[in-house]
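Colleague: Hey, I'm new to this one. Can you pull it up and walk me through it?

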Amino acid sequence: MSNKLIIYLVLSSLLLIVLATVALFMGVYDFGGKSPLKVLVDIFSGNPEVSASEKFVIWDVRLARILMAILIGSILAVSGTAMQGMFKNPLATPDLIGITAGATLMAALTIVLGSFFRDYVPEIIQHSLLSIAAFIGALLTTLLVYKISTTQGKTNVVIMLLSGVALSALGFAVVGFLIYLSKDEQLRDLTFWNLGSLGGATWEKNGILLIVMLISYSVLIHKGKALNAMMLGEKDAEHLGIPVERIKKQIVVLVALMVGACVAFSGTIGFVGLIVPYILRLIFKSNYQIILPLSTVMGSILLLVADTVSRTIVAPSEIPIGVLTAFMGAPVFIAILIRFKNSM
Amino acid sequence: MIKGHQINYAHKKYHILHSVDISVQYGEFLAIVGPNGAGKSTLLSMLANELENKHPHSVLFKEKRFNQWNLKDLSKNKAKFSQHNTHDIPLMIKDVVMMGRYPYFNSTPNAVDEDAIENAMKETDVLHLKNREYNSLSGGEKQRVHLARVIAQLKNDVKHKLMFLDEPLNNLDVKHQYKALRLIKEFTANANTAIVVLHDLNLAAQFADNVLLMKNGKVAAHGNPHKVFNEKTISETYNFPCAICPNPITKNPMIIFGN
């Protein structure tokens, strides 16, 4: 790793820590003049003065949610960057090409069908089942979109985006139908899926997300060189000793895994995978050796800020986070379209 | 160095190559020439292992089939310059040239890699552009950047390297055409091999050790320039009249097309 990259990583991580601390202070609960940070330290040191409700608010509500925002933001940004590298196009993010929709569709099916045996299955397996279903949905849609839009290593961008539109429409229709069919409790779950929220954060889910993240990053983060070389064309990348086919398979499976886990736990939070690489590209061009590692932290920053805003500006209620990311993402989408108008 | 035996290639129903035999020696500069659609680029792609070959034993590189090679070793032994004009690569020139060094480092290039790209950029005259964005370059400048990348890729201690070049002179001005050919010639002078698809027969006659003339996916003539470039063969292959005389300076064949 170059020194420059290490400096950027350290600086952005520091910023993330500051933002996470700020986020810990945000909320309506009254700690009776105590600082939330003090409560957190007390929890760690086992101070008996901390009341159960204070502990719950800080540990199980705020901290779990902050961590989830960090994990999901990072995962979404990295999956966006990796997908863009594979498709060689800055618009190829999991949500725009329908992968998220595929994951949502399978997750929604699992919720509705799963209600029959929900009472008999422990919670951890329920969560895993949901993630696995979302993973399968994501994997199938990725393969489908790739098959439809790519011939001989060249991706037709228009076809890629349109197949995303088609798949999203299908997902939307199925989820709509399920909402129509479903009972009250499922209805709440399904609405939550469609709009995206980090409100359901638990330490269990964070644990699963962390594992998914570690597995995926251990393979993907070093692929900067390979993604750079693939800009030359896949044949030329192979002449540079890059095993293109193997790397593409790894990206497809791992992105599906990451998107699946995110969709299972937070619903469809769009555009993170579009915004983060776009901003990084403005500064570092398309050098994946830099933007791929940096999107890990930048994604966290973006989603943490968005989530903190979403739960503060209309407190004690909250705005669905997908609404906020869409507000940021749509202009970016348009900006990319204008920039690439001539080359598409 | 590299041998091809009975190479065939068909795309859908069209046969593009018909049982081509080819053998290239260490230190040889082979020019592949021929009219449009003769299968020159396809032959080069087959030799460079870019196309799916139904008979993988038909091409032997250093006595080994390509699937017996380790991909990374292979990239230190051979490189290919392809036709790149349409690519959109939002990177700086030095980053593009550095790709040639990817087989040599893990995440950070070391001093040897930096030197290699610096020299390669100097040789193809793009050093002054190294901090420019690739997409802002003209076609000829882009060609020179990729040439520098290929040269940087083969800068190593391996003996007997092979360079494939598919129309490297496209868009280059006269000075850089000669410069590029001299670089290739220097490369082959060190017992390395270059297989180059060329359009300009006179340049092929002047620089190549051997010429492979192709027509309709078959070898029309193969041998040294004096043997291949004769009036009958050339005018028949190109279906266009020509006259050939010795170049007054180099004494190589000089081809003049037209009546």
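Modeller: Sure, we can go through the sheet in chain B, some helices, and the place where the chains touch. Keep in mind that this is a predicted model.

Colleague: Okay, the sheet in chain B: what order do its strands come in?

Modeller: The order is S5-S6-S7-S3-S8-S9, six strands in an open sheet with mixed pairing. The edges are S5 (78-81) and S9 of chain B, each of which pairs on one side only. On average, neighbouring strands in this sheet are turned by 15° against each other, ignoring direction.

Colleague: Mixed, got it. Take S8(B) and S9(B): parallel or antiparallel?

Modeller: Antiparallel: S8 (residues 210-215) and S9 (residues 218-223) of chain B are joined by five bridges. One example is Val211(B), whose bridge partner in S9(B) is Gly223(B).

Colleague: And what's between those two strands?

Modeller: Two residues, in a hairpin where Asn216(B) takes a positive phi near 50°.

Colleague: How does S8(B) pair with S3(B), parallel or antiparallel?

Modeller: Parallel there, over four bridges, with S3 covering residues 29-33 of chain B. Leu30(B), for instance, has Asn210(B) as its bridge partner in S8(B).

Colleague: Which strands does helix H6(B) lie across?

Modeller: H6 (residues 174-189) of chain B lies across S3, S6 (162-166) and S7 (193-197) of that chain. Against S7(B), the helix runs at about 150°.

Colleague: Switching topic: is H1(B) buried or exposed?

Modeller: Mostly buried. Seven of the eight residues of H1 (residues 40-47) of chain B are buried, so the helix is largely enclosed by the rest of the structure. The buried ones are Lys40(B), Thr42(B), Leu43(B), Leu44(B), Ser45(B), Met46(B) and Leu47(B).

Colleague: What happens just after H1(B)?

Modeller: Asn49(B) sits there, taking a positive phi of about 65°.

Colleague: Now the two chains: how many residues are in contact across A and B?

Modeller: 19 residues of chain A are in contact with 21 residues of chain B. On the chain A side, helices H9 (224-230) and H10 (234-239) each supply at least two of the residues. By class, that side has six nonpolar, nine polar and four charged residues.

Colleague: Let's stay in chain A. At what angle do H5(A) and H11(A) pack?

Modeller: About 135°, with the axes 7 Å apart; H5 is residues 123-149 and H11 is residues 244-266 of chain A. That angle makes H5(A) oblique to H11(A).

Colleague: Is that crossing left-handed or right-handed?

Modeller: H5(A) and H11(A) cross in a right-handed way. The contact includes Ala134(A), Gly137(A) and Ala138(A) from H5(A), and Ala256(A), Gly260(A) and Val263(A) from H11(A). Sorted by class, this contact has 15 nonpolar, four polar and no charged residues.

Colleague: And H8(A) with H11(A), what's the angle there?

Modeller: H8 (residues 203-220) of chain A packs with H11(A) at about 165°, and the axes are 10 Å apart. H8(A) and H11(A) are therefore roughly antiparallel to each other.

Colleague: Left-handed or right-handed for H8(A) and H11(A)?

Modeller: Left-handed. Among the residues that meet are Lys205(A), Ile208(A) and Val212(A) in H8(A), and Leu254(A), Met258(A) and Phe265(A) in H11(A). By class, the contact of H8(A) with H11(A) has ten nonpolar, two polar and one charged residues.

Definitions and conventions
Residues numbered from 1 in each chain as written. Chains lettered and ligands numbered in written order. Predicted model: local features only at pLDDT ≥ 70, side-chain atom pairs only at ≥ 80, totals over all residues. Pairing = 2+ DSSP bridges. Axes fitted to C-alpha atoms, helices over the stretch in contact; angles between N-to-C directions. Contact = placed C-beta atoms within 7 Å. Buried ≥ 20, exposed ≤ 12 C-beta atoms within 10 Å, placed from the backbone. Nonpolar A, V, L, I, M, F, W, Y, C, P; charged D, E, K, R; others polar. Parallel < 35°, antiparallel > 145°, perpendicular 65-115°, else oblique. Left-handed = near helix turned anticlockwise from the far one by under 90°.
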